[in-house]
2 protein chains.
Amino acid sequence: MHMLKKCRIFAVIFGEEQSMNQKFEHFEPMWELSPIWATLTQEERERAAQEVKIVHYEKNEVIHNDGDESAFVWMLLRGKVRIYKEGIGQRQQIIRLLKPYDIFGYRACTVNEPYNSSASAFEDCTVYRMDRAFFNALIQENGALCYQVMLMMAKDLAFSEIQTVNLTQKHIRGRLAESLLTLVKNYGYEEDGNTLAMLLPREDLANMSNMTTSNAIRTLSQFAQEGLLSIDGRHIKILDEPALEKISRLG
Amino acid sequence: MHMLKKCRIFAVIFGEEQSMNQKFEHFEPMWELSPIWATLTQEERERAAQEVKIVHYEKNEVIHNDGDESAFVWMLLRGKVRIYKEGIGQRQQIIRLLKPYDIFGYRACTVNEPYNSSASAFEDCTVYRMDRAFFNALIQENGALCYQVMLMMAKDLAFSEIQTVNLTQKHIRGRLAESLLTLVKNYGYEEDGNTLAMLLPREDLANMSNMTTSNAIRTLSQFAQEGLLSIDGRHIKILDEPALEKISRLG
DNA sequence: GCAAAAATGTGTTAAAAAACATATTTTATT
DNA sequence: AATAAAATATGTTTTTTAACACATTTTTGC
């Protein structure tokens, strides 16, 4: 589907001004960006400053593939990422969507197994990236970090089990309403207070909701006709969230 | 569906002969039954011997309910347990099936959240049961245990994500074949080498495979007609595992 | 800015699976 | 052992959703 392009790797910059003539954004050190890494000791932070790299991915670039030997753990800094699995006949199921400071790729690394899903960039992204060996060394030596990672996994597991039932038992309208509400919860609204702060193609909405693209388009139009939301290209204004919640709940 | 009956609680017996006049089975201490608990220190083992109770559940008894405040972590000793979620219109989705020495209820306890699924006994069961507070104290003080629990969660998470795609994208035949193979993997065969060592009603097979009971019955009959398996009531003989794998793989 | 490609929108048809109906067999209860 | 209840089996109908077709609009790459 999307081609794998060479990603650009830069040395990590923890607050320092860099001397190269390239233009960089500035990012806080990772232990300030997530409670997971706040558990690192001073010594571990120093090692992290050496080990962790900043990497950029272009829009639609594949970050890792289902079945690839796990090699890295990432924390998203800028942009949005989709985690998905290819199912039968190239239909892809989006498992979850990431926003800045979300961590991904970590499950496969903890068990030294291949990734069991793929990740690709919705838009141009910047991440912190660390080697599997470094991550594993940290979780094995630092109990507080291991505990935090376990809690993160517990959240992901709960979401996945709920998702299984949502996707298998709800009807099309319920599944789409559910996905829209998940997007609201994840990315929130623009300043106007009701436009989804996430522009995504209907195909991705379909892949989140376990339906064909045609049905995502059709059902979204229906919702618009019913006054639950309004559509302006990929800009979706949610007009009646309680009604969407009801549709989602009743299947 | 199934009534909640009062469960019978006995003091834990770690290898000692018990003096009461009731008939007990003998179980090894839990640190000999699972690598998870092998991480316990001597001091923790002594506390566990005090804290952990043996509990019995009758066939079809509910062990915990989706939404209940989490209170216990269990390790199955004898019998089989189904973990499931009620979906739309009382249709239940079996999330996974447990066999002796499997641990359950632990995810909700780690995050102090309500259970997000229900558990009930397929047949008369015996378990080791510990309080949430005790379990949480252990994983917070014992890094090796926390690491083991995290690994277990990583396995459950991988299974759940694979399951989501299986259940949403495969057709009925693929889903049923998949479930049968999961049963084989989990419970194995009787001594004859091809009779599934798990007698379960068609309704449960349907609930594992995201289909109606009628369709589970019908599709199973079809498989029998095609010579992939043979049916004798609830005894299922798998005759052509590679063919089932092919059906499962192709959806 | 223009051409090509991709995405959106909408109607129609076909396939899959649920819902329903009902008979038969098995299991549980008294 | 007799009866009731539950589970199994199977055919028919209806609903849901995918598949297909094609027009229109939007985006992308040069």
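These legends describe close-up views of a predicted model with chains A and B and DNA strands C and D.

**View 1. Confidence along chain A.** Chain A has a mean pLDDT of 90, with 90% of its residues at 70 or more. In residues 1-7 of chain A the pLDDT is below 50, and this stretch makes eleven contacts in the model beyond near neighbours in sequence. A second stretch, residues 11-23 of chain A, also has pLDDT under 50. For residues 11-23 the model has twelve contacts beyond four places in sequence. Where pLDDT is low, predicted coordinates should not be read in detail.

**View 2. The relation between chains A and B.** A turn of 180° with a shift of 0.0 Å along the axis lays chain B on chain A, at an RMSD of 0.0 Å. The two copies are therefore related as by a two-fold rotation axis. Of the interface residues of chain B, 100% are also interface residues in chain A, so the copies meet through the same surface.

**View 3. The contact between the chains, from the side of chain B.** Chain A and chain B each bring 35 residues to the contact. On the side of chain B that touches chain A, at least two residues come from each of β6 (92-98), α2 (106-110) and α4 (143-169) of chain B. The element that gives the most is α4(B), with 20 residues. Sorted by class, this side of chain B has 15 nonpolar, 14 polar and six charged residues.

**View 4. The surface near DNA strand C.** DNA strand C is surrounded by 17 residues. The closest are A:Pro201, A:Arg202, A:Ser221, B:His171 and B:Ile172. Two helices of chain A, α6 (202-209) and α7, and α7 of chain B each supply at least two residues of this surface. With five residues, α7(A) gives the most. Six residues of the surface near DNA strand C are nonpolar, seven are polar and four are charged.

**View 5. The surface near DNA strand D.** Around DNA strand D there are 16 residues, and the closest are A:His171, A:Ile172, B:Arg202, B:Ser214 and B:Ser221. The elements giving two or more residues to this surface are α7 (213-225) of chain A, and α6 (202-209) and α7 (213-225) of chain B. Here α7(B) gives the most, with four residues. The surface near DNA strand D consists of five nonpolar, seven polar and four charged residues.

**View 6. Helix α5 of chain A and its packing.** Helix α5 of chain A covers residues 172-187. At 1.5 Å a residue, its 16 residues should span 22 Å, which agrees with the 22 Å between its end C-alpha atoms. The buried residues of α5(A) are A:Gly174, A:Arg175, A:Leu176, A:Ala177, A:Glu178, A:Ser179, A:Leu180 and A:Leu183. They pack against α4 (143-169), α6, α7, β11 (235-238) and α8 (241-250) of chain A. After α5(A) comes A:Gly188, with a positive phi near 70°.

**View 7. A:Ser117 and its contacts.** A:Ser117 is in the loop between α2 (106-110) and β8 (118-121) of chain A. It counts as buried because it has 26 C-beta neighbours inside 10 Å, where 20 or more are required. Apart from neighbours within four places in sequence, A:Ser117 is in contact with A:Asp66, A:Ile83, A:Tyr84, A:Lys85 and A:Ile95, and with B:Glu161 of the other chain. A:Thr195 is 78 residues from A:Ser117 in sequence, and the two C-alpha atoms are 30 Å apart.

**View 8. Positive phi at A:Asn60 and A:Tyr101.** A:Asn60, a residue other than glycine, has a positive phi near 70°. This residue lies in the loop between β2 (53-57) and β3 (62-64) of chain A. With 16 other C-beta atoms within 10 Å, A:Asn60 is partly exposed. A:Tyr101 is likewise not a glycine, and its phi is positive, about 80°. A:Tyr101 lies in the loop between β6 (92-98) and β7 (103-104) of chain A. Having 17 C-beta neighbours inside 10 Å, A:Tyr101 counts as partly exposed.

Notes: Residues numbered from 1 in each chain as written. Chains lettered and ligands numbered in written order. Predicted model: local features only at pLDDT ≥ 70, side-chain atom pairs only at ≥ 80, totals over all residues. pLDDT = per-residue confidence, 0-100. Contact = placed C-beta atoms within 7 Å. Near = placed C-beta within 6 Å. Nonpolar A, V, L, I, M, F, W, Y, C, P; charged D, E, K, R; others polar. Least-squares fit on C-alpha atoms with pLDDT ≥ 70 in both. Expected span 1.5 Å × (residues − 1). Buried ≥ 20, exposed ≤ 12 C-beta atoms within 10 Å, placed from the backbone.
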